[in-house]
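This briefing reviews selected helix packing and local features of one protein chain. Please consult the sequence and the structure shown below while reading.

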Amino acid sequence: MSENGSRRVSNRTKRKNVSEENKDDGKKVRSCEKTGCYASEPICCLKACESCSLSGYTSRWYHMSLGEHFCNNCFDHFYRAGKTGNTHFNKWSHEWALIARASKPTLKRFVVNELLPYWVKCTQRQCGKWRMVRKTDILDPKFISAFKCHKDPKGKSSCETPEDADVSLVLDPSFMSQIAEEPLFKKSPAGPYLKRFLPEDIGICPIDGSFSSFKEFKNIEPFLMEHCGQSSIWIKPDEMDEDEVAFADQVLVAPATYLGMRNFLVATWNLNPSEWLSFAKINEYLICRGLVRIYLISVAEQILELLTKKSVINFGIIQNPSLKLIQKSEEPQVLVIGAGISGLAAASHMHNLGINVTIYEAGSDLGGRVRDVPTLGSGAFFIQGLLNNPFTTLAHQATASFQILKKDLVVFKRSGEVLSDKVVQKTQHELNGLLQGVVESIAVSKKDDNFYDMVINSCNQMKKMTPFCKDLYLFNHLLTHCEIDLKANLKDMSVLSWESNIGVLGDDAFMPNGLRLLLIKLARNININYNNRVQAIDYTGDKVKVTSSNGEFSYSKVLITVPLTALQSDFILFNPQLPDFKKKAINDLGNYYCEKLILEFPRKFWIKNPEEPFSKFGIVSSQAIFEVFLDVTNENTNSKPTLLAYIPQKSLDSIKDLDDKEVVDKCMTLLRGVFRRNIPQPSKWHLTHWREESPPCSFGSYLKVGSDQSAYDDMAKSVDDKLFFAGEATFRNIPGSITGAYLSGLREAAKICKNLEL
């Protein structure tokens, strides 16, 4: 009673004081009664009816923000039955109630989303003032981008008119705590992608319609739930990480408001990833009513900076247009060891953030395992799953295109007979069932074993009970396909620790002209020291001392992107030695080796019917060195038909004593036996020797029997906040892929940026 009573006394006293203050000039006014609001003479911001009090007296002021109130007469205009504005309010309420699921239609919510004036900044360089704009419809980005202060009847610009005093209230520390309703964004580019969520929970107005100004790109779908949370670029639209929670608290915005701005920024950039997302575009597309828009525009600029540092947006081969304004330190801050795809991803992103970065590359060229010189396809150039793949984004930025690999598999016997699709699919189904069965069996027993023995034993047991796996040669052939796809030696791969790849969705593809174009663009403006092998790293002091072929230098941070084999063979000496958790993770991972033979022919002899083309075929044989073939012919040019043949790890010993010409002859003998036609000799060919590199380059990594699932996570952990690690063997969700390698580089760039407190 006393609390409520004191509040009533306080309000009466406040009104009395206001009356006394204005007694001398005879003006009867009423101040805002909202606690914390110091508006002594509010002005109605709606002006919705002829009886509006404007700046005069009203029986009650309805508080919306420190600088926005509406009078009781305008309230009645919309709320009271029979009033003309009530029809508008009722229609809106009905629509809101039908669509919105997390909030009710109230008059203040109606005012915030339908009636408050917009605030738009004058685009005249010498002006830049915020002006009130009263529009019944939703603001258009073109209107915002071209907005200029109005001219008077004499043609004189009103830019000289002072900015409305209410604009300064946005700077008040209590401004956000004083808003009556959290803002909901209209026409957000994120809206069409987030229909499964409650719009109010993620800062989107439920009845604003969908945005149509952006052209959507194929294979780019921000916020696809199958991807969300699996890397920095695939964020969860309804969740905030620790950095974001702290930031939202710092700028005093509610979680839903932050999510609305964050998702807006992510969607806006993904719908035009060829351009650096800048403040100008934020101003054009962030649309909500009221003075709060002025505040949120400034906050969105900070969120833009946060997301860019976290490598969620503005990554790839685009350049930061503000880079010239950033002062870099004269000495290199960060050293990246290795100019492969992960090293280039990290270095390029850090360079765009103004970090002085240098790359040491032991070889004479960039690319690492992705290097496809001198022959296309000799490096890792297949993209697994184009949907939301960062390489899809890179291709858009480089105006390059991918060629889709047709997924149908055609299997030949060595005699040339084509196995029926029904037989192949049935055997594949049986193999998939066995693979799933052994995973479930080990999950129960918790006793680890390798995939190959488990699958073969299960197959033999099934054959005793049912007519299972009638063609054992085909079964083993499909196992080879499985081994190559998993990039793992199945005789050494852990069943207990195995996890399916997350985030690989969409078509598999390759870039007909190779990935070198992307590598060159990523390396642009980066200082790369070639033929400079790192020999030792001493991280005992404040800075990291790196000894290489070119001498000894010190850096604040060092990012290590060398192959897993280099870490396993002590290619680099560390002082002190790497911690036990890191050494265990390095040894828990195995390397799968696979070479490739690329053959170029004058004609495509392997396709009998041009109406039924295929990209992948296999040859079933008990002694074949070559079992899996891919057609990588460039369909867009008059290029020569090209076949790529895999030489799996189990067959490498069969060719170790042969020269390249003898390996080609063995492959041609097999092909002539299968197709039984006058097959021409290849006009060009190239055999890779990745296993003979120093250190050896593997096809991919996998978890060995007895290893722990945390090995990939431990590989990604930094050491003493000085040594950072990237590469396919550090990316748990998609190991053994160039996608995983690239994403690991972005991940480490974000970690280093945060550690440097930029």
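At what angle do helix 2 and helix 3 pack, and how far apart are their axes? In this predicted model, helix 2 (residues 72-79) packs against helix 3 (residues 84-99) at an angle of about 65°, and the two axes are 5 Å apart. The points below set out that contact, the surroundings of helix 11, and the pairing of helix 12 with helix 13.

**Helix 2 and helix 3**

- On the side of helix 2, the contact is formed by H77, F78 and Y79.
- Helix 3 contributes T84, G85, N86, H88 and F89 to this contact.
- By class, the residues of the contact comprise three nonpolar, five polar and no charged.

**Helix 11 and its surroundings**

- Helix 11 spans residues 390-397 and is mostly covered, with seven of its eight residues buried.
- The buried residues are P390, F391, T392, T393, L394, A395 and Q397.
- These buried residues pack against four helices and a strand: helix 7 (255-270), helix 10 (341-352), helix 15 (516-522) and helix 21 (738-755), together with strand 7 (382-383).
- At the N-terminal end of helix 11, N389 acts as a cap, with a side-chain oxygen placed 2.9 Å from the backbone nitrogen of F391; F391 is itself among the buried residues of the helix.
- T399, just after helix 11, adopts a positive phi of about 50°.

**Helix 12 and helix 13**

- The axes of helix 12 and helix 13 come within 9 Å of each other and cross at roughly 110°.
- Helix 12 is therefore roughly perpendicular to helix 13.
- The crossing in which helix 12 passes helix 13 is right-handed.
- From helix 12, the contact draws on L431, L434, L435, V438, V439 and I442.
- From helix 13, the partners are F451, M454, V455, S458, C459 and M462.
- Sorted by class, this contact holds eleven nonpolar residues, one polar residue and no charged residues.
- In general, an α-helix has 3.6 residues a turn, so residues three or four places apart point the same way.

**The loop between helix 12 and helix 13**

- K447 lies in the loop that links helix 12 (421-445) to helix 13 (451-465).
- K447 counts as exposed because its relative accessibility is 64%, which is over the 50% cut-off.
- V424 and K447 are separated by 23 residues in sequence, and their C-alpha atoms are 32 Å apart in space.

Terms used: Residues numbered from 1 in each chain as written. Predicted model: local features only at pLDDT ≥ 70, side-chain atom pairs only at ≥ 80, totals over all residues. Heavy atoms only, no water. Axes fitted to C-alpha atoms, helices over the stretch in contact; angles between N-to-C directions. Helix = DSSP H or I, 4+ residues; strand = E, 2+ residues; numbered from the N terminus. Contact = heavy atoms within 4.5 Å. Nonpolar A, V, L, I, M, F, W, Y, C, P; charged D, E, K, R; others polar. Buried < 20%, exposed > 50% of the residue type's maximum accessible area, 1.4 Å probe, protein only. Polar contact = N/O pair within 3.5 Å; in protein donor to acceptor, adjacent residues only side chain to side chain. Parallel < 35°, antiparallel > 145°, perpendicular 65-115°, else oblique. Left-handed = near helix turned anticlockwise from the far one by under 90°.
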